[in-house]
Amino acid sequence: MGTTLADRLAEVRQRIADAAQRSGRTAADIRLVAVTKYASAEAARALVQACCRDLGESRPQELWHKAAQLADLPVRWHLVGHLQRNKVRRTLPLVRMIHSADSWRLLEALQREMASAEQASARQAPDVLLEVNISGDAAKHGFAPGELPGVVARLESLPDVPVRGLMGMASAEGGLATARRNFAALRELRDRLRSVCPRGTSLDELSMGMSGDFEVAIEEGATIVRIGSALFEGIA
Ligand SMILES: *Cc1c(COP(=O)(O)O)cnc(C)c1O
């Protein structure tokens, strides 16, 4: 008997629950975002029908495309990859969360769009996470950790951008021990940033952990995990 997407989902949810328990939490404290970038629209549809409503894409154009194909379903879309400023306007109405605010210029573009009348009259503005380049990998997007205190202190000038936390990816090298160090560093950075946070801004969300390292990320405090291949590999 072949594995189905529902089996994969159950397996991943069990692993999330076990890791949550090891960190003194429950599965309900961790949000699973299923990253569909390797999956067909049909596989993504099957996953939503199996009750996984948070879907993520790393490319805005692919997100637009899949959102249109699944428009009849109650999907909460997450953008987890780089957002070009000229794609802000079309992306904002489609998503519940942008995990990947990676420059001040993009934050300013989000502010302009979120403050505009069109956006204000539409649904609630999506939550925004600041992407941090925790591994120091030059090929990765994100703010350098050292930039973050200045950025967070200036969030007051972006009153319409609901910043809720941080996102990071572990180094591709070094295995789980390095990943754990990267994730712990992101959590500690978040804890330090709380003292410079403008009033009304909370940094409660930590989006960290992918198929290869999500259990370690949860043990280190992740509130959101972004999982693609563990769900779809060999199926989609
Ligand atoms: C592709 C991707 C993921 C999921 O990766 P897997 O290793 O397949 O789970 C998570 N986050 C981001 C930003 C991605 O681009």
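A polar contact is taken here as a pair of N or O atoms within 3.5 Å, and the legends below apply this cut-off to a predicted model.

**View 1. Polar contacts between the ligand and the side chains of serine 211 and arginine 226.** An N or O atom in the side chain of serine 211 is 2.5 Å from an oxygen atom of the ligand, which places the pair inside the 3.5 Å cut-off. In the side chain of arginine 226, an N or O atom is found 2.9 Å from a nitrogen atom of the ligand.

**View 2. A backbone contact from serine 229, and the cover of the ligand.** Serine 229 approaches an oxygen atom of the ligand through a backbone N or O atom, at 2.8 Å. Of the 390 Å² of accessible area that the ligand has on its own, 89% is covered by the protein.

**View 3. The shell around the ligand, in the largest pocket.** The residues that surround the ligand include Val35, Lys37, Tyr38, Ser58, Val80, Met169 and Met210, together with Ser211, Arg226, Ile227, Gly228 and Ser229. Sorted by class, this shell has six nonpolar, four polar and two charged residues. The space that the ligand takes is the largest pocket.

**View 4. Arginine 154 over the face of tryptophan 104.** Arginine 154 is positioned over the face of tryptophan 104, at 4.1 Å from the ring centre. As for pairs of aromatic rings, the structure holds zero.

Note on methods: Residues numbered from 1 in each chain as written. Predicted model: local features only at pLDDT ≥ 70, side-chain atom pairs only at ≥ 80, totals over all residues. Heavy atoms only, no water. Near = heavy atom within 4 Å. Polar contact = N/O pair within 3.5 Å; in protein donor to acceptor, adjacent residues only side chain to side chain. Areas by Shrake-Rupley, 256 points an atom, 1.4 Å probe, with all protein chains shown as cover. 1 Å grid on protein atoms, 1.4 Å probe; cavity = no way out; pocket = protein on both sides within 12 Å on 5 of 7 lines; lining within 4 Å. Sits in = over half its atoms within 2 Å of the grid points. Nonpolar A, V, L, I, M, F, W, Y, C, P; charged D, E, K, R; others polar. Phe/Tyr/Trp six-rings, centres within 6.5 Å; stacked < 30°, edge-to-face > 60°. Lys NZ or Arg CZ within 6 Å of the ring centre and 35° of its normal.
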